[in-house]
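Me: Please take a close look at one part of this structure and follow it outward into its surroundings. I would like one connected account, with the cut-offs stated.

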Amino acid sequence: RFVRCLKYSLPEYLSDHIEGVLNTVQFPDHHVDKRLHIESHKVSNKDTKSTGTVTPALLNQVYNIVSNTGNPLTNQAVFATTDQTFSPSDLSIFQGAYNLPQESIAANVGGHVADDACVNDINDCMEANLDVQYIMAVAQNVPTTYYYYGTGGDVWLSWIESVADLANPPDVFTISYGSYE
């Protein structure tokens, strides 16, 4: 059961003191169980097998991506949280497995970049690795920043405020985490 307000208001005299009001009028996503079914797309490339594995080649085919060469004058970033750790050696293995250019992330903001966390428990790296590997596979030669933000307080609000304070924020952020706000 979900409860929300239909509208809200604040006294005008508070307007100089409030930046935003969140978590008020939106419902949680009730479509969580609906997923894109890759197998429903017609896959004609003989190099792409119907194994159930989503590969960079399959993404290119399904989304009609004709070139993965990005513009190195732009930049992209991956948002990570919930104690996820990105593994540089896993990125290299992924790039080798799919014949992608060997590229490293350009910058690390917030830590949580280490190979040993993935060896100890793969679940500590699963989401972070997936996000870094696939954004760098789809948009190659684009400087990529791994942006980790901790789990305390309102992570989304703290994160977006820190991005808003950047003189030159990344042009693209990938965020595959979900919550109600």
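Reply: Phe-86 is in contact (heavy atoms within 4.5 Å) with Leu-91, Ile-105, His-112, Val-113, Ala-114, Ala-128, Asn-129, Val-132 and Tyr-146, once its neighbours within four places in sequence are left aside. The model is a predicted one, in which local features need pLDDT of at least 70 and side-chain atom pairs count only at pLDDT 80 or more, while totals for chains, interfaces and linings use all residues. Residues are numbered from 1 along each chain as its sequence is written, and side-chain values use heavy atoms, with hydrogens and water left out.

Several of these names return in the largest nonpolar core, which has 17 residues; Phe-86, Ile-105, Val-132, Met-136 and Tyr-146 have the most contacts inside it. Such a core is a set of buried Ala, Val, Leu, Ile, Met, Phe, Trp, Tyr and Cys residues joined through side-chain atoms within 4.5 Å. Buried means under 20% relative accessible area, exposed over 50%, and partly exposed in between, with a 1.4 Å probe and protein chains only. Two or more residues of the core come from each of β1, α4, β3 and α5 (155-164). The greatest contribution is that of α4, with four residues. A second core is separate from this one and has five residues, among them Leu-59, Phe-94, Leu-100 and Ala-137. In soluble globular proteins, nonpolar side chains tend to be buried together. Over the protein as a whole, 29% of the 181 residues count as buried.

The element names refer to DSSP runs numbered from the N terminus: helices are H or I with at least four residues, strands E with at least two. There are five helices and four strands, in the order α-β-α-β-α-α-β-α-β along the sequence.

The four strands make an open sheet with parallel pairing, ordered β2-β3-β1-β4. Its edges are β2 (107-109) and β4 (172-174), each of which pairs on one side only. From one strand to the next the twist averages 20°. Two strands pair if DSSP finds at least two bridges between them. Five bridges join β1 to β3 in parallel, with Gln-76 opposite Thr-144 of β3. Strand β1 (residues 76-80) also pairs with β4, in the parallel sense, over three bridges. There Ala-77 stands opposite Phe-173, and Val-78 has Thr-174 as its bridge partner.

In β1, five of the five residues are buried, so the strand is largely enclosed by the rest of the structure. Gln-76, Val-78 and Ala-80 point one way from β1, and Ala-77 and Phe-79 point the other way. In a regular strand the side chains alternate between the two faces of the sheet. Helix α4 (residues 126-138) lies across β1, β3 (144-148) and β4, and runs at about 165° to β1. That angle is taken between N-to-C directions on a scale from 0 to 180 degrees, with axes fitted to C-alpha atoms, for helices over the stretch in contact.

After β1 comes Thr-81, in the loop between that strand and α2 (88-97). Thr-81 counts as buried because its relative accessibility is 5%. Leaving out residues up to four places away in sequence, Thr-81 touches Tyr-148, Tyr-149, Gly-150, Thr-151, Val-155 and Tyr-177. A polar atom of its side chain lies 2.8 Å from the backbone oxygen of Tyr-149.

Phe-79 of β1 leads to another group: together with Tyr-147, Trp-156, Trp-159 and Phe-173 it forms one aromatic cluster. Rings of Phe, Tyr and Trp (its six-membered ring) pair if their centres lie within 6.5 Å; planes under 30 degrees apart are stacked, over 60 edge-to-face, and the rest tilted. Seven aromatic pairs are found in the whole structure. One of them, Trp-159 with Phe-173, is edge-to-face, at 5.0 Å centre to centre and 90° between the planes. Trp-159 belongs to helix α5 and Phe-173 to strand β4, so this pair ties together parts 14 residues apart in sequence. Trp-159 is buried at 6% relative accessibility, whereas Phe-173 is partly exposed at 22%.

Technical notes. Polar contact = N/O pair within 3.5 Å; in protein donor to acceptor, adjacent residues only side chain to side chain.
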